[in-house]
Structure formats: structure tokens, C-alpha cells
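The report below describes selected local features of one chain, moving from strand pairing through backbone geometry to charged side-chain pairs.

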Amino acid sequence: MRFRHRAAAGFATLLLPLAGLVGLASPAQAAATATATYAKTQDWGTGFEGKWTVKNTGTTAISSWTVEWDFPSGTSVTSAWDADVTSSGTHWTARNKSYNGSLAPGASVSFGFNGAGSGSPSHCTLNNDSCDGTTVPGDAAPSAPGTPTASGVTDTSVKLAWSAATDDKGVKNYDVLRDGAKVATVTTTSYTDTGLTAGTDYSYTVQARDTADQSGPVSGAVAVHTTGGTTPPPTTGSKVKLGYFTEWGIYGRNYHVKNLVTSGSAAKITHINYAFGNVTNGQCAIGDSYADYDKAFTADQSVSGVADTWDQPLRGNFNQLRQLKAKYPNIKVLWSFGGWTWSGGFAQAAANPAAFAQSCYNLVEDPRWADVFDGIDIDWEYPNACGLSCDSSGAAAFRNLMSALRAKFGARNLVTAATTADGSSGGKIDAADYAGAAASVDWYNVMTYDFFGAWAAQGPTAPHSPLTSYSGIPTAGFTTADAMAKFKAKGVPASKLLIGIGFYGRGWTGVTQDAPGGTATGAAAGTYEQGIEDYKVLKTSCPATGTIAGTAYAHCGSNWWSYDTPATIATKMTWARNQGLGGAFFWEFSGDTGNGELVSAISNNL
């Protein structure tokens with residue numbers, strides 16, 4: 001599949017003007033004509049290197065400077081250079097050396113430090129004013145309130161109380177946070193939260209705001225389980241309803257495991273494929289260690305509503321998935337290996353399937369996260385055929401690989417695979433022994449999308465996920481119906497075939513024709529990649545103007561897009577039921593709307 005490549009997960013330099021973030025500072029010289037910016041120049045997981053740069057943006061010389069900031073608990077400075085750095089609790093102060101205090105107009109100076117932990121600075125001041133050069137009141141942010149206590153818990157409500165925060169100018173009010181999201185602002189130190197769900201876990205914290213409207217740190221969290229508790233997990237039926245969660249989505253897309261909860265999607269699925277692990281040197285390997293098990297999530301990003309700490313045994317997406325499974329015990333999670341970018345490693349893996357299977361088992365069942373995963377998914381694009389690169393492992397290689405994985409993982413684990421949907425005569429389905437491998441897998445995720453796209457820059461325009469054929473289709477056999485028919489004809493049981501849905505569209509520009517089959521001048525602009533865009537964007541930026549072959553298309557201006565909508569997904573789910581298919585899967589969660597309307601369409605109609 002052309003879309004499913006791994007985005008680069010490098011770290012951009014963190015530049016923080018830190019406007020309006022204020023802390024206590026020792027008087028030195030007014031900083032209304034100076035700024036201080038912070039950059040994390042290196043990060044090695046358990047520690048990092050930071051750098052502050054002080055710049056004189058005024059017209060007169062500065063004779064000295066003092067930079068102050070707060071680090072969250074667990075983050076600290078371990079050594080520093082070109083400044084004298086001291087601390088009081090979590091508050092840090094850096095003063096110039098004798099040789100670098102004077103700054104002429106326009107001049108700048110930097111000092112650096114090594115740090116432990118993973119936190120970022122906040123409440124920055126430079127010479128008692130804001131680090132972005134604005135003059136602000138010289139009072140500190142309020143302290144953290146006491147950890148709330150819970151009482152009077154019922155099926156639908158809980159009473160919370162906490163000890164007051166302190167502030168040199170006075171506390172104005174408190175924000176009450178449920179699972180990291182604000183549910184109320186009160187002026188007292190108690191609050192009763194109502195409208196809750198019986199038998200459900202919640203996490204509450206409190207944050208104070210002072211009379212200057214500065215917010216202090218969040219309090220400790222109290223866990224609350226409402227009474228009742230006899231309601232069973234959401235009924236999802238016997239069909240598989242699976243979504244891919246991408247490890248890199250936590251970066252530019254800012255999509256976290258918690259979004260599965262807030263969108264309502266977690267209550268409507270049965271399985272998650274975590275994508276992707278790497279395949280290299282004939283082995284399964286970590287894809288992105290920082291995203292997988294090291295990144296510290298803040299309270300508002302966390303499923304539990306509690307921030308990660310620097311010393312906890314497991315962080316990152318794996319820990320968030322663990323929290324999700326605790327909240328939704330019916331969900332099973334598989335670790336998917338390969339994908340478009342990393343499928344080139346399968347040729348070497350297929351040369352020694354038993355060794356490959358052993359390496360995958362050792363990684364998936366690592367004691368640090370063995371409880372997170374319920375099996376393994378293989379996304380080989382494509383065995384004995386061409387994808388990003390061409391493979392010549394032979395028709396039996398895929399069957400042998402899946403057989404070795406089943407032998408190693410056993411019956412208690414799920415073993416699945418993503419497959420081509422090329423139903424053309426002599427196409428990719430014909431290139432490998434998918435029928436033979438079917439005996440070893442629980443199901444196939446048949447990638448019934450990306451049939452057509454702007455890699456054919458001049459067109460013809462065509463829907464990338466047609467359910468059935470239509471007059472003028474550019475390539476015969478490039479439909480969902482053709483793919484499923486070919487798999488079944490080869491002996492793969494219908495119950496082991498899942499229909500695939502793309503939560504995105506593919507598009508061209510320079511198009512004048514409304515109907516499919518028009519000419520184009522190239523790929524339409526996309527947020528992350530040319531020729532591709534999330535459904536959540538397209539539904540409003542280029543609404544569907546027609547349907548063909550069971551999917552939708554849209555012509556807006558000179559752009560032409562094709563994508564699935566809730567209505568076309570309903571049609572496809574009905575078709576999948578009538579075909580006796582095992583369920584549906586989709587790529588991937590972050591393309592959906594904030595309220596999960598595409599996931600709902602799958603769940604409601606399958």
C-alpha cells in the first residue's frame with residue numbers, strides 16, 4: 001500500500017518564547033528589551049542537553065542577566081556551563097558568569113546544561129520579566145493544590161475536596177480535571193461531579209489559577225470507580241472491528257491513544273494493530289523506541305489522566321495501550337511488523353523463518369510489555385512481488401513464514417497478516433501461497449484501498465477504494481469484490497477475510513471533469529503528503545459530490561478526490577456481512593473525525 005509508510009520521527013529543536021509564563025526572579029535589570037529562548041539540543045532517552053540563549057533586543061547595553069524557570073518533578077539539571085545554575089525544589093536559576101554578563105544591543109549569549117528526566121521548562125523569566133520580552137507582574141504562579149479526596153461516590157456522581165493552593169497575590173479559582181480534561185472551574189476547594197457512568201473508572205486532578213490568571217502545576221490524581229459496575233463491556237458482536245494505530249501519529253498529528261477514548265472509538269472496536277515494528281537483519285525489531293516505550297505523556301495526554309514520571313518502568317505508547325486495555329478489557333492489541341517502508345526486510349526473514357519467528361516472539365513477549373500484546377500481525381508488501389522494492393522469495397515464502405510464526409506463538413496468541421487486494425489475473429494475489437498460509441492465520445487484513453491514485457499524475461481520475469467494478473475502471477480486477485472472490489476461489493475461508501477501509505482520500509489537481517475518468521496535471525495538495533488527505537479534512541474542504549462503485553468522490557475547484565463516507569462505509573459493511581466476511585479493519589484512527597464518525601459507521605453497520 002502506497003500510503004502506509006513510516007513518517008520520520010526525529011525531534012525538531014524546541015523553541016520556547018514562553019510568552020506569559022512567569023516565575024519569581026531576583027531583580028537585576030529590566031528585561032522588557034531582552035528575550036530568552038530554550039532549545040533541547042540532544043535527547044538520549046534518560047537525559048538530554050539543553051541550551052538557553054539570552055538576546056538583547058533593545059537599544060541600550062545589558063550589564064547582567066538572570067534566567068529562571070521551573071522543571072516538572074523528576075527533571076533536573078545535572079551539570080552546566082557558561083552560567084551559575086542553582087535550584088530550590090523544582091525552581092531553577094541561572095546567572096551569568098563574570099565574563100558574559102554584558103550584552104550590547106543586538107548581541108546574544110548562550111549557556112548550556114545536561115539534564116536528567118524528560119520534562120520541559122515552564123514559567124520562564126529573564127531579569128524578573130517574561131522571557132519573550134514583555135513586562136509582566138512579578139508574582140509567582142500558584143502552588144499545586146492538595147491531591148483531591150473522593151467521597152459520596154454513586155453510580156453517576158462523586159464529591160471531591162482538596163486543600164488550598166498558595167500564591168503571593170491570592171488564588172482566584174480552581175480548574176477541576178476529569179481524565180485530564182477540564183469539567184468545571186470553582187472558587188471553593190470542593191466540587192461534586194455528576195452525569196458519570198456506572199461502574200466506570202475516572203481520574204481527577206485540580207489546578208489553581210491566581211489573580212494574574214496564571215495557572216499553577218496540576219495536583220496529584222485520585223482514582224474514582226463509580227458504583228454499579230455490573231454493566232458488561234460494550235457488545236461489539238462476533239465480527240472483527242480493527243483499527244491501525246501508528247506509532248508516529250503522536251508527533252506531527254498529535255494523535256494519542258487517549259484520542260481513542262475521547263472520540264468514543266475505543267468502545268466500538270475489538271482489535272488494534274500497533275504499527276509498525278521494523279523487520280531488519282532477518283529479525284523483528286523496535287520501530288521507534290522513544291514513541292514505543294520511552295516518551296513521557298502528560299496528564300492531559302494520558303488515558304488514565306495521570307502524568308508519566310521519569311522513573312516508571314514503562315512509558316510511551318505501550319503504557320498508554322496498557323491503560324486502554326484496563327479501561328476496555330475486550331480490546332485485543334497486535335503488534336504489526338513491516339509496512340510499506342520496512343517490507344524490504346522480509347526477504348532475509350523468509351530465508352530462515354524459524355529464526356525470524358523466534359526473534360519476533362522474544363520482542364513481542366518481552367516482560368516489560370508482554371501484557372500489552374495479544375499477538376502479531378505481518379504486513380509484507382508484497383511477497384514474491386513488487387512494492388517499494390521487488391521481492392523474489394518464491395511463492396512458498398509467505399506460507400512458510402506464517403507457519404513458523406504460528407508454531408512459535410501458539411494457539412493462545414493471534415497471528416494475522418495484511419495482504420494485497422490485487423484481484424487482477426496474474427496479479428499479486430496469484431504471486432504467493434495465500435491459501436496455504438491461511439491455515440496458520442486467524443485472518444487476513446485485505447487492503448482494499450489504494451487501487452488508484454495520483455502516482456498516475458495525469459490520471460485518469462478513479463476512486464481509490466471501489467467496492468465493485470464500473471464502466472471505464474482503469475485496471476480490471478482492482479476492486480474489493482474481485483479481491484475477495486479471488487481469495488475465496490483459492491480456498492481462503494470468507495471468515496478469515498476482513499474488508500479494508502481507508503480513513504483518507506486520494507486526489508488529483510488540474511481536473512475539469514466531475515465524473516471519474518478525467519485527466520489531471522498532478523497530485524492535489526495534502527497536509528502531510530501530496531495526493532492524500534484525511535477524511536476529517538476532506539468532509540468539509542471538499543464534500544462528496546457523487547458515488548461510484550460503492551464509494552464516494554468529490555470535485556471541488558480543480559481538485560478531484562475519492563474517499564469513503566459514513567454512507568459508503570454502511571454500504572460496504574452490508575456487503576461484507578452478506579459475503580460472510582470475518583469483519584473490517586481500517587487505516588488509520590487519526591484520519592477520522594474527533595467524534596469517530598467513520599468508526600461508528602463500521603461498528604453500527606457490521
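## A three-stranded sheet

Strands S10, S11 and S14 form, in that order, an open three-stranded sheet whose pairing is antiparallel. The edges are taken by strand S10 (149–151) and strand S14 (190–193), each of which pairs on one side only, and the twist from one strand to the next averages 25 degrees. As with everything described here, this arrangement belongs to a predicted model. Strand S11 (residues 158–161) runs antiparallel to S14 and is joined to S14 by four bridges; within this pairing, valine 158 has aspartate 193 of S14 as its bridge partner. Such pairing of strands in a sheet takes place through backbone hydrogen bonds, in either a parallel or an antiparallel manner.

## Backbone geometry

Two cis peptide bonds can be described, and they lie in different kinds of surroundings. The bond from alanine 275 to phenylalanine 276 is cis, with omega near -5 degrees, and phenylalanine 276 belongs to strand S19 (residues 271–280). The bond joining glycine 459 and proline 460 is also cis, with an omega of about 5 degrees, but proline 460 is placed in the loop between strand S24 (443–446) and helix H10 (480–489).

Positive phi values in residues other than glycine form a second topic. Aspartate 82 has a phi near 65 degrees, a positive value, and is not a glycine; this residue sits in the loop between strand S4 (76–81) and strand S5 (84–88). Alanine 549, likewise not a glycine, has a positive phi of about 55 degrees and is found in the loop between strand S29 (546–548) and strand S30 (551–556).

Are these two residues buried or exposed, or do they fall in between? Aspartate 82 counts as partly exposed because its relative accessibility is 28%, a value between the limits of 20% and 50%. Alanine 549, by contrast, counts as buried because its relative accessibility is 14%, which is under 20%.

## Salt bridges

The model holds 17 salt bridges, and the table gives three of them with the separation between nitrogen and oxygen.

| Basic residue | Acidic residue | N to O separation |
|---|---|---|
| arginine 315 | aspartate 294 | 2.8 Å |
| arginine 406 | aspartate 442 | 2.6 Å |
| lysine 490 | aspartate 430 | 3.0 Å |

The salt bridge between arginine 315 and aspartate 294 links distant parts of the chain, 21 residues apart, with arginine 315 in the loop between helix H2 (289–294) and helix H3 (316–327) and aspartate 294 in helix H2. Both arginine 315 and aspartate 294 are buried.

In the salt bridge of arginine 406 with aspartate 442, the partners are 36 residues apart, arginine 406 lying in helix H7 (residues 397–409) and aspartate 442 in the loop between helix H9 (434–437) and S24. Aspartate 442 counts as partly exposed because its relative accessibility is 28%.

For the salt bridge of aspartate 430 with lysine 490, the chain separation is 60 residues, with aspartate 430 in helix H8 (residues 428–431) and lysine 490 in the loop between H10 and strand S25 (497–502). Aspartate 430, with a relative accessible area of 32%, is partly exposed, and lysine 490, at 35% relative accessibility, counts as partly exposed as well. Elsewhere, Arg253, Asp534 and Lys536 are joined into one network by salt bridges that share partners.

Definitions and conventions
Residues are numbered from 1 along each chain as its sequence is written. This is a predicted model: local features need pLDDT of at least 70, side-chain atom pairs count only at pLDDT 80 or more; totals for chains, interfaces and linings use all residues. Side-chain values use heavy atoms; hydrogens and water are left out. Two strands pair if DSSP finds at least two bridges between them. Helices (H or I, at least four residues) and strands (E, at least two) are DSSP runs, numbered from the N terminus. Axes are lines fitted to C-alpha atoms, for helices over the stretch in contact, and angles run from 0 to 180 degrees between N-to-C directions. Buried means under 20% relative accessible area, exposed over 50%, partly exposed in between (1.4 Å probe, protein chains only). A salt bridge is a side-chain nitrogen of Lys or Arg within 4 Å of a carboxyl oxygen of Asp or Glu.
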